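Biologist: Hi, could you walk me through this structure? I'd like to know what to look at.

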There are 2 protein chains.
Amino acid sequence: MGRYRVGLETRERILSATRRLLSEVGVDGVTLKAITDQARVGAGSFYNLFASKEEAVFEVVREAIEAVDPDPDGAGTDTLADLVDAFVTFMTGSSPIARIYLQLAVGRGLTDRAIATRVVRSHRTRVDRFTDAWLREDPTLTPEAAERRAQTMLAALTGLGLSVLLDETFDMRAHALELLPSSAVSSTSP
Amino acid sequence: MGRYRVGLETRERILSATRRLLSEVGVDGVTLKAITDQARVGAGSFYNLFASKEEAVFEVVREAIEAVDPDPDGAGTDTLADLVDAFVTFMTGSSPIARIYLQLAVGRGLTDRAIATRVVRSHRTRVDRFTDAWLREDPTLTPEAAERRAQTMLAALTGLGLSVLLDETFDMRAHALELLPSSAVSSTSP
DNA sequence: TACATATTTGAGCGTACACTACATTTCTCT
DNA sequence: AGAGAAATGTAGTGTACGCTCAAATATGTA
């Protein structure tokens, strides 16, 4: 089902409106009417392009996450410090999308099956990224040990992210550095 | 406006029902109908005792957060391993309180200022507990360094708690052990 | 230009929900 | 017992929301 050019433009307008609303009024304020008003689009047009309201919201969050990904192509050259840095930037950056992401992941992921599935899948991808980086950092690790460390590190980063969301003065970066093995602390990749 | 005895009993029934629903069906499942059905009470009775649904939910949340607060009379002899162990047990134990607490702290605490304040305060108390334990573990640490490590460790434990909420098969204990300094890994306090 | 396909509109459907009105019953105190 | 306050159940009301549908219009292609 090919799209006409105007359809793709409308899609962008809808995503922009959703992004803006998420930032300005939060996840609860994003109603379909708010989106379609903001995008100057009828409800029917919205559903011609998105299967549900949630789909648009997730697309926005997904793009926000990708925007800070140090290695979008998965080339496998990013270091642990790079990944940690990217996560910290995502959480402490100016965009409020990080808050939305955590809220959706935990606040709704626990009860909404569709959301839980997406959260788990993206989490899985991130764990793999961190696992690979751990193996590059310390080739003597078994794959299992590397994954365990990746899981722990990611969970810790999530917890630190929560801390900074609850208390904006929390110095997430300083704390996150403690999660790195001492050999990797000094600098990010050259 | 004094209350009759039956009114106070009804109030307790409503709070119990709300508490139970929070743990069984989650925050989103707590509708007024669910509460009044569970409490075997009419909607009119509910609004005779509470100004709004939120008021009842908030009362339960407040009690749940208080229940999570570490014992303020703690003798101050816990080791880091003890504290980690207690946290893991709390998270993976049979009581649904941990679930409620985390879900509300993240799901609502990010947007509800009143809840955020309570979460931050109980978190603060726990950080102090962990800081003391770090100092006992390694007396060469400066108080600042100890607190930084305490914050990181607690955030990591919280993140691991989130992991186990999203995936019940997640082995929180194994991962939590990685957070301890190597000298403390082998055993809990004698 | 003719045709197929994509896009748009917006009134309105179904539903879920918090909350209310009010007649009735129960409670407590004197 | 009697009176007034409190508690109760029912049957709603109002509203907000996600989403649908059919008809009308725009777009791309041969």
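**Chatting through the model**

Modeller: Happy to. Let's start where the two protein chains meet: 31 residues of chain A and 30 residues of chain B make up the contact. Keep in mind that this is a predicted model.

Biologist: Which helices of chain B supply at least two residues to the side that touches chain A?

Modeller: Those are α1, α6 (97-107), α7 (113-137), α8 (143-166) and α9 (172-177) of chain B. The top contributor to that side is α8(B), with 14 residues.

Biologist: And how do the residues on that side of chain B divide into nonpolar, polar and charged?

Modeller: On the side of chain B that touches chain A there are 14 nonpolar, 11 polar and 5 charged residues.

Biologist: Why do you say the copies meet through the same surface?

Modeller: Because 97% of the interface residues of chain B are also interface residues in chain A.

Biologist: OK, what rotation superposes chain B on chain A?

Modeller: A rotation of 178°, with a shift of 0.4 Å along its axis, and the RMSD is 2.9 Å. This is how a two-fold axis relates two copies. If you want to find the axis from chain B, look for Ala156(B): its C-alpha is the nearest one in that chain, 1.7 Å from the axis.

Biologist: Switching to the DNA. How many residues surround strand C, and which are the closest?

Modeller: DNA strand C has 24 residues around it, and the closest are Gly7(A), Gly44(A), Arg5(B), Leu32(B) and Gly44(B). The elements giving two or more residues to the surface near strand C are α1 (5-29) and α3 (43-49) from chain A, plus α1 (5-29), α2 (32-39) and α3 (43-49) from chain B.

Biologist: Which element gives the most there?

Modeller: That would be α3(A), which gives 4 residues to the surface near DNA strand C. By class, this surface has 10 nonpolar, 10 polar and 4 charged residues.

Biologist: Now strand D, please. What surrounds it?

Modeller: Strand D is surrounded by 24 residues, the closest being Leu32(A), Gly44(A), Gly7(B), Gly42(B) and Gly44(B). Here chain A gives two or more residues from each of α1, α2 (32-39) and α3, while chain B does so from α1 and α3. The most come from α3(B), with 4 residues. The surface near DNA strand D divides into 10 nonpolar, 10 polar and 4 charged residues.

Biologist: What does the fold of chain A consist of?

Modeller: Chain A has 9 helices and 0 strands. Its C-alpha atoms fill a box of roughly 55 × 40 × 35 Å along the principal axes. Of the 190 residues in chain A, 37% are buried. Among its contacts between residues at least 6 apart in sequence, 58% join residues at least 24 apart.

Biologist: And the largest nonpolar core, which residues have the most contacts inside it?

Modeller: Val61(A), Val84(A), Leu102(A) and Val84(B), in a core of 98 residues. Leaving out residues up to four places away in sequence, Val84(B) touches Leu157(B), Ala176(B), Leu179(B) and Leu180(B).

Biologist: Last thing: where does pLDDT stay under 50 in chain A?

Modeller: Over residues 186-190 of chain A, where the model has 8 contacts beyond four places in sequence. For chain A as a whole, the mean pLDDT is 87, and 95% of its residues reach 70 or more.

Note on methods: Residues are numbered from 1 along each chain as its sequence is written. Chains are lettered from A and ligands numbered from 1 in the order in which they are written. This is a predicted model: local features need pLDDT of at least 70, side-chain atom pairs count only at pLDDT 80 or more; totals for chains, interfaces and linings use all residues. A residue is near a molecule or strand if its C-beta atom, placed from the backbone, lies within 6 Å of it. Ala, Val, Leu, Ile, Met, Phe, Trp, Tyr, Cys and Pro count as nonpolar, Asp, Glu, Lys and Arg as charged, and the others, Gly among them, as polar. Copies are superposed by least squares on the C-alpha atoms of residues with pLDDT of at least 70 in both. Two residues are in contact if their C-beta atoms, placed from the backbone, lie within 7 Å. pLDDT is the predictor's confidence in each residue, from 0 to 100. A nonpolar core is a set of buried Ala, Val, Leu, Ile, Met, Phe, Trp, Tyr and Cys residues joined through C-beta atoms within 7 Å. A residue is buried if 20 or more other C-beta atoms lie within 10 Å of its own, exposed if 12 or fewer, and partly exposed in between; C-beta atoms are placed from the backbone.
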